[in-house]
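Q: I have a model open and would like to learn how to read its contacts, domains and helix crossings. Where should I start?

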Amino acid sequence: MIALLFATLRTATPLLLAGLGGMFSERGGVVNLALEGILLTGAFTAATVSYYTGSATAGVLAAILAGALIAGLHALMSLKFRVDQVVSGVAINMLAMGLTEFLMWIFFDSGSNSPRVDGFSSPEALSGILTEVPILTICALLAVPIAAWVLFRTRFGLRLRSVGEHPEAADSLGIRVHLVQLQGVLLSGVLAGAGGAFLSLNAHYFVKNMSAGRGYIALAALIFGKWHPGGVLAATLLFGFTESLQGHLHISWLPVRFVQMLPYVLTMVALVGVIGRSKGPLALGRLFVKD
Amino acid sequence: MKRMILLLMFVALCGLACGSSSEGERGAQSDDNLKVGMVFDIGGKGDRSFNDSAYRGLIQAKEEFGITAVEFEPGQDSDREQGLRKLADRGFDLVIGVGFLFTESIRKVATDYPDIHFAIVDGRIEGMSNVASLTFREEEGCFLVGAQAALKSETGVIGFIGGMKGDLIKRFLTGYSAGALAVRPDIRILSNYAGLTPTAFSDPVKGKELALSQIGQGADVIFHASGTTGNGVIEAAREKGVLAIGVDSNQNHMAPGTMLTSMEKRVDRAVYTTIKRLVQGSFQGGFNEFGLETGHLGYSLDEHNRDLLTPRLCAVADSLAAEIAAGRITVPRK
């Protein structure tokens, strides 16, 4: 049973990091479909950098940087050039798919996967729990209270929420709306980039398209979790749990197809409000244009 | 207007990034050479498994017969048919689709280009004289590694992890189970699939989790038939100090000391034979099925696993192989 708990935590890690990232972007009013592409780019960067430097830490830092860069591109497209936020997000996901594969040919002469990378090795003294729960999983869990504190207890958090709810009002108070939104989007890149690093460092390989839709599931978790850090944690743990169940229990009456559909069904249930209506920031997806 | 133009430029850039990555052309063009094109499956060239095996056959034929070989890697599902059509359009003599996912696309394109030869690996296309279907009796090879896994296991529990759920991968499991039960009737076999879509062949994160869960339930030898998802399976086995069995290509080198053996499916030989027949002018359309007795399936033994795969395990597998070839054992397919 404890093994199932650990599996849940590991499976939830990339979803949680991407979900928290998405929260910072969307609380500021910017829809972020690019999470999928950021995860993939982060995974590629972490594997490549740690392959060449031999350091997993360097890989994670580079993945965070790459994530912020891709997120910055999303912010540039949607805030500066006024491209529809959904369109920009989808375009970035396509770009990430093509770009990572293209770069894989350049760095590794393979369209399929990278060479093996070492990843994090757990220190002997802590080997008990750390072999089951990777360091990035612990970081992801710690990120939840920190994200809550930033969002609800700091000046930046207040401004972010206000531009997400009513950018005109925020603007009239002298808040630079687009700057605050940019910061929110960049934060989403930082967090989702780290989530990508978890994918490739934990599997010890980068594999083409290895994000496998996890960015979209993170978005579903964000909605199901009502754009709230605690909610996102609960939702990603639930999705991680249903996903892990498949390997741990051989239940014939619970079809795999149903389990895989579950995150999306739950999201829709949350949207129509069966268990407490889920409502996003008021100005979500609407571009603020200063007169 | 400015926004539209920027958007268009952005989309074009994305297209460029996808397009440029998907096609690699190698080999000098010359008109009198036979031209053979190969389109890869999910996972792609460099997977150290299924696609690489097919690629080795292409390269061997290229070196031996001086054909012009061109590879194409579809970026997304929808590019599969387009890739085939493009090669057919350019007047290739033979176009090879690697993987059952190509079955429908090849059927369509081959109908439109009756003068061009096609081959499909792992798919069955009936009634077309210009299409050679190259299929394997995977269950026979899996039977051997299943027997080896069962005899090697100390816990009496062995595992199987498949990629996308479906008839093809099911056959791997059926053969593996039958082989294990044949030599050790009390063996327990755990099995999981990584998913229901083609991405199940390229999700090592999922593969690792499934393997960890099987190891948690006592499995100490795990066979994977899951493309690059299997990289994660092998990593889990390495982490927990149990054994893994590779698939399609010889994967022993990926984790010496962890790999008990690999179930080799010699797609390279099938591809090579098909090209050879084309060169000799004796291309055969229809079903070409390959099995154990022609050496298209088997287990790998090399310097990386010699310590693990004992002579006794090899002897058992060899005698089982002889019985299968002689028809005394029939390995179930379903």
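A: Start with contact: two residues are in contact if their C-beta atoms, placed from the backbone, lie within 7 Å. This is a predicted model, in which local features need pLDDT of at least 70, side-chain atom pairs count only at pLDDT 80 or more, and totals for chains, interfaces and linings use all residues. Residues are numbered from 1 along each chain as its sequence is written, and chains are lettered from A and ligands numbered from 1 in the order in which they are written.

Q: How many residues does each chain give to the contact between chain A and chain B?

A: Chain B gives 35 residues and chain A gives 40. On the chain B side, the elements that give two or more residues are α1 (2–22), α7 (204–216) and α8 (229–240); helices here are DSSP runs (H or I, at least four residues), numbered from the N terminus. The largest share, ten residues, comes from α1(B).

Q: What classes of residue make up the side of chain B that touches chain A?

A: In this scheme Ala, Val, Leu, Ile, Met, Phe, Trp, Tyr, Cys and Pro count as nonpolar, Asp, Glu, Lys and Arg as charged, and the others, Gly among them, as polar. That side of chain B has twelve nonpolar, 15 polar and eight charged residues.

Q: Which domains are assigned in chain B?

A: Domain bounds come from an automatic or database domain assignment. For chain B it gives domain 1 (30–136 + 267–290) and domain 2 (138–264 + 301–325). Their centres, taken over C-alpha atoms, are 28 Å apart. In chain B, 13 residues of domain 1 are in contact with twelve residues of domain 2. On the domain 1 side, helix α2 (residues 50–65) of chain B supplies the largest share, three residues.

Q: At what angle do α5(B) and α6(B) cross?

A: Axes are lines fitted to C-alpha atoms, for helices over the stretch in contact, and angles run from 0 to 180 degrees between N-to-C directions. The axes of α5 (residues 138–152) and α6 (residues 167–183) of chain B cross at roughly 45 degrees and come within 6 Å. Angles under 35 degrees count as roughly parallel, over 145 as roughly antiparallel, 65 to 115 as roughly perpendicular and the rest as oblique. α5(B) and α6(B) are therefore oblique to each other.

Q: Is that crossing left-handed or right-handed?

A: A crossing is left-handed if the near helix is turned anticlockwise from the far one by less than a right angle, and right-handed if clockwise. α5(B) passes α6(B) in a right-handed crossing.
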